[in-house]
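Here are a few exercises to work through with the model open in your viewer. Try each one yourself before reading the solution.

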Amino acid sequence: MKSILLLLSATMLLSTTKSCAQESEYKNDNFKINEVSVAHEPNLGITIWEISVDGTAGKTTPIKVGQLDGAPVLGYVFPTSLKPTDVGFSQTDGIVALALTSHPDFDDTPLWDENNDQIFDNDGIIWHPHWVILHEDKRVDGGLSVKQFKKADDTVVLPPTNPGMPMYMDSPGYPVTTKNNTIRVVVPDYRMNNRTDFSYDGVTAFMKVNTSNENLPMLGVYEVFSVASGDLSLPYKIKK
């Protein structure tokens, strides 16, 4: 775990430095983290995850490009020390992260109707959660991607709420809300093996989908806007 974190820390810090120079169209105060927290509510059996920013959380969403290949994804992400098996994956190397994402070009939460219009495949732009396994990937500027696997690999286990893609990704359907400078998500304890002893961090990033170039990841991190700890050391503990 430590070696993975050191590698990811170096690549993410480099990406953050690059993004300052690039000043991308999405880099603004709505993704500049000033606080991250996870609080446990034992009477309710839940944890409340929050990222607060200098601007308005969730206000900036991706600009639609009209197709899946090259589709932009924005995310508020919580890298954690959880094990893949804690959230329903088979054991694999990488970092378990809870990502709150928005992407108008596609919908990867087929079980959930986030905008409550009785249509289940048209609300990708609404901020929603994913469990993902991140790993180092030098093919993209952000140095990270969601870990993939071969469709024929029957040793891979995904949670039953996964969106059906050959990646370590789940669409768990937890409620996500934005208000003023804070985005938050509520996670039931039993949905992460009743773990309340893990450490975590906060990251904001720009990602992109790839379906045409086999030399690039299916979902890669192309720009890191902000890292709560500054070095991806996962220093934060759950408030109890």
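Below come four exercises, each with a worked solution.

A word on conventions: this is a predicted model, where local features need pLDDT of at least 70, side-chain atom pairs count only at pLDDT 80 or more, and totals for chains, interfaces and linings use all residues. Residues are numbered from 1 along each chain as its sequence is written, and side-chain values use heavy atoms, with hydrogens and water left out.

**Exercise 1. Work out what lines the largest pocket.**

Step 1: Get the terms straight. On a 1 Å grid over the protein atoms alone, a pocket is an open set of points where a 1.4 Å probe fits, with protein on both sides within 12 Å along at least five of seven lines; lining residues have an atom within 4 Å of a point.

Step 2: Take the volume, meaning the space filled by probe spheres set on the points, with grid points joined across faces, edges and corners. The largest pocket comes to about 310 Å³. Its lining has 28 residues, and the closest to the centre are Val132, Val146, Met169, Met207 and Leu219.

Step 3: Assign elements, which are DSSP runs numbered from the N terminus (helices: H or I, at least four residues; strands: E, at least two). Among those that supply at least two lining residues each are α1 (2-22), β11 (203-209) and β12 (219-227). β11 gives the most, with 4 residues.

Step 4: Sort by chemistry. Counting Ala, Val, Leu, Ile, Met, Phe, Trp, Tyr, Cys and Pro as nonpolar, Asp, Glu, Lys and Arg as charged, and the others, Gly among them, as polar, you get 23 nonpolar, 4 polar and 1 charged.

**Exercise 2. Place β12 among its neighbours.**

Step 1: Check burial (buried is under 20% relative accessible area, exposed over 50%, partly exposed in between; 1.4 Å probe, protein chains only). In β12, 9 of 9 residues are buried.

Step 2: Find the partners; two strands pair if DSSP finds at least two bridges between them. β11 and β12 run antiparallel with 7 bridges, and β6 joins β12 through 2 bridges, also antiparallel.

Step 3: Zoom in on Val221 of β12. Met207 has Val221 as its bridge partner, and Leu144 stands opposite Val221 too.

**Exercise 3. Describe the contact of Trp49 and Phe198.**

Step 1: Apply the pair rule: rings of Phe, Tyr and Trp (its six-membered ring) pair if their centres lie within 6.5 Å, with planes under 30 degrees apart stacked, over 60 edge-to-face and the rest tilted. The structure holds 11 such pairs. For Trp49 and Phe198, the centres are 5.5 Å apart and the planes at 25°, so this pair is stacked.

Step 2: Locate the two. Trp49 sits in β2 (46-53) and Phe198 in the loop between β9 (182-188) and β10 (199-200), so the pair ties together parts 149 residues apart in sequence.

Step 3: Look at the surroundings. Trp49 is buried at 0% relative accessibility, and Phe198 is buried at 0% as well. Both belong to an aromatic cluster with Phe78, Trp131 and Tyr174.

**Exercise 4. Which two residues other than glycine have a positive phi: Asn116 and which other?**

Step 1: Read the angles. Phi is about 55° for Asn116 and near 50° for Leu234.

Step 2: Place them. Asn116 is in the loop between β4 and β5; Leu234 is in the loop between β12 and β13 (236-237).

Step 3: Check accessibility. Asn116 is exposed at 59%, whereas Leu234 is buried at 5%.
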